[in-house]
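Subject: Structure for you to look at

Hi,

Here is the structure I promised to pass on. Please open it beside this message, and my notes follow underneath.

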Amino acid sequence: MPEVTEIRLPGVGVRHEYTTADGERVGVVSHRTGRREIVVYDREDPDKTRSVLHLSPDDTRTLAELLGAPHLSEALASVQRLEGLAIDWITVPQGSRFVGSTIGDGQFRSRTGASIVAVVRQNTPLPSPGPDHRFEAGDVAVAVGTQEGLTQLRQLIDT
Amino acid sequence: MILAAAGEDAALVFIEIGAVALGLAVLARFAGRLGITAIPFYLLAGLAVGEGGIAPLDVSAEFISLSAEIGVLLLLLVLGLEYTADELRHGLRGGLVPGGVDAAVNFTPGLGAGLLLGWDLTTAVLLGGVCWISSSGVVAKVLSDLDRLGNRETPAVLNVLVIEDLAMAAYLPVVAALVAGRDLADTAATVSIALAAVALVLVVALRWGERLSALLAGGSDEALLLAVFGLTLLVGGLAQEVQVSAAIGAFLVGLALSGPVQARAGALVEPLRDLFAATFFLFFSFQIDPGDLPAVVLPAAALAVVTGAGKLVSGHAAARPLGVGPRGRLRAGTALIARGEFSIVIASLGAGTDHGDELGALAAAYVLLTAVAGPVVAKYADRLPLPGAHAPAPSPAASSDGRGLS
């Protein structure tokens, strides 16, 4: 972990800086208002910034998530707050006809209206699997849809 | 009842104030579009509606004058609220030398110019103050608009503002006493009372500010707004009673608040400040006789040049200890050039002195010049030739092009 330095910005907030493995100096300006700026320092004039990215509090959360915070749990939490939507964990059994075929092959969404938002394989979550994700026996598909759609999906995968 | 009795007057007052406020709104939008502070435009608007202007107001002058007084209090309250006790302590520790340089190279030319113009010492000291204090509002906006908050020199610039802030706490009561003082003994007594009060409040604010703020913390935003507004006017009024200016009282209230209450109060009071401060700037130039202006344009321009260079020295002195290179030091200096609200507040203290009218006109012209030119110079700071540098400057065009994230 590189050394992070903290610099006070009176009246504005605080700035944290560190040097990346590539030798780029990167800083995060945290405004008291909750806004953030990500700055990259100029190589020729290290006192000034080469580029600045302005982030609202919402943008900051999104970026933090993209940078590695648990994506899946956030998606699930937001889904569970919605009415009319349900979520289900469906195990792909040994004898399912979808073992070895991809999500795209199954055309699950067009058949049932439910979306597979994640797959858990041997306790490792794979968030947002693409249509080319190939099922193995024992995979757990995490699906979101109406109660009806999910029932159909379960029947489909179980057979 | 009251309204019915004053019906006709009230109608006229509403129409005049409404028209003025709408006019200011248009100016504020225009300034926003140009990317500069609206203060110069407010000052110009004040000239237009003042005595000898193109559309003089008369009915609502009294109301505007009272709003202007409240505007000064709120300006200083928000200035006091701007920094946390922690930031003030840190600023004091590291900023005394740059702060001293800043005062020497910017206050002195103003003082000298006042004396050269044949003014009395008090008015000259006021002009020194007008030239000394950068506009923290404009400077903070310039740094943010030009995306310089990440820059290495920026903490230095902000620290200069903190030190000027603290210096105001001592300077304002002293000049207020000088203005009010009838004889030497009287002045000395007032100055000592004022400084003692300021020192006391500063110590209390830095040590026990949190406990004081906890008293105010309960309750709704509405209750807090009324409490802070009331406290500001009350303390301001009491300070005025003992010949310490009301403005300094308001400033001390801002300093004394800390923690979450400070942040909440700041957010609540700011819209109120914008409203009343606009009338303050309007009223300030409202009182200026446009006939006084031609005589002060030349001194104002000369002062703007000299003290503009002075701020380059301030920026240099402040940024150097942080290990900032010559290019960054120059940027720090240019960011500090703009003067604004506090120059006008200081000039308004001298309204009653013998040369107060000339001081007002000169300060208005000076603020107009620096508040408009400062942000422009700051924007192009990377294209300015470096003073005393023989190494080739990095090509600003190549390095400031927006490649990368944004």
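Below is what I found, going from confidence to the two chains and then to local details.

First, a word on confidence. Please keep in mind that this is a predicted model. The predictor gives the complex an ipTM of 0.74, and its pTM is 0.74. For chain B the mean pLDDT is 84, with 90% of the residues at 70 or more. There are weak stretches in chain B, though. Residues 1–5 stay under 50 in pLDDT, and the model has one contact for them beyond four places in sequence. Residues 389–406 of chain B also have a pLDDT below 50, although this stretch makes 24 contacts in the model beyond near neighbours in sequence. Where pLDDT is low, the predicted coordinates should not be read in detail.

Now to chain A. Its 159 residues include 24% that count as buried. Chain A has five helices and nine strands, and along the sequence they run β-β-β-β-β-α-α-β-α-α-β-β-β-α. If we take the contacts in chain A between residues at least 6 apart in sequence, 47% of them join residues at least 24 apart.

Where do the chains meet? The contact draws 24 residues from chain A and 30 residues from chain B. On the side of chain A that touches chain B, the elements giving two or more residues are β1 (5–9), β3 (25–31), β4 (36–41) and β5 (49–55). Of these, β5(A) gives the most, with five residues.

Next, the nonpolar cores. In soluble globular proteins, nonpolar side chains tend to be buried together. In this model the largest nonpolar core has 136 residues, and B:Val157 and B:Phe251 have the most contacts inside it. Helix α8 (residues 154–180) of chain B is the element that gives the most to this core, with 18 residues. A second, separate core has 16 residues, among them A:Phe108, A:Ala141, A:Val144 and A:Leu153. Back in the largest core, it is worth clicking on B:Val157: leaving aside residues up to four places away in sequence, B:Val157 touches B:Val139, B:Leu143, B:Gly315, B:Ala318, B:Ala332, B:Ala335 and B:Leu336.

Two of those partners, B:Ala332 and B:Ala335, are among the buried residues of helix α14(B). Helix α14 (residues 326–335) of chain B has nine of its ten residues buried, so it is largely enclosed by the rest of the structure. The buried set also includes the arginines B:Arg327, B:Arg329 and B:Arg331. Around the helix, the buried residues of α14(B) pack against α7 (136–145), α8, α13 (293–319) and α16 (356–379) of chain B.

Further along the chain is B:Val345, in helix α15 (residues 341–349) of chain B. B:Val345 counts as buried because it has 26 C-beta neighbours inside 10 Å. Apart from residues up to four places away in sequence, B:Val345 touches B:Val72, B:Leu75 and B:Ala247. From B:Val345 to B:Leu330 it is 15 residues in sequence and 28 Å in space, C-alpha to C-alpha.

You may also like one helix pair. The axes of helix α3 (residues 39–49) and helix α12 (residues 259–286), both of chain B, come within 7 Å and cross at roughly 45 degrees. That angle makes α3(B) oblique to α12(B), and the crossing is right-handed. Residues making the contact include B:Ile39, B:Tyr42, B:Leu43 and B:Leu47 of α3(B), and B:Ala278, B:Phe281, B:Leu282 and B:Phe284 of α12(B).

Finally, two backbone angles to check. Most residues other than glycine have a negative phi, and most peptide bonds are trans. A:Ser128, not a glycine, has a positive phi of about 45 degrees. A:Ser128 sits in the loop between β8 (124–127) and β9 (140–145) of chain A. B:Asp147 is not a glycine either, and its phi is positive at about 55 degrees; B:Asp147 lies in the loop between α7 and α8 of chain B. Which is buried and which is exposed? A:Ser128 is exposed, with 12 other C-beta atoms within 10 Å, whereas B:Asp147 is buried, with 20.

Best wishes

Terms used
Residues are numbered from 1 along each chain as its sequence is written. Chains are lettered from A and ligands numbered from 1 in the order in which they are written. This is a predicted model: local features need pLDDT of at least 70, side-chain atom pairs count only at pLDDT 80 or more; totals for chains, interfaces and linings use all residues. Helices (H or I, at least four residues) and strands (E, at least two) are DSSP runs, numbered from the N terminus. Two residues are in contact if their C-beta atoms, placed from the backbone, lie within 7 Å. A nonpolar core is a set of buried Ala, Val, Leu, Ile, Met, Phe, Trp, Tyr and Cys residues joined through C-beta atoms within 7 Å. pLDDT is the predictor's confidence in each residue, from 0 to 100. Axes are lines fitted to C-alpha atoms, for helices over the stretch in contact, and angles run from 0 to 180 degrees between N-to-C directions. Angles under 35 degrees count as roughly parallel, over 145 as roughly antiparallel, 65 to 115 as roughly perpendicular and the rest as oblique. A crossing is left-handed if the near helix is turned anticlockwise from the far one by less than a right angle, and right-handed if clockwise.
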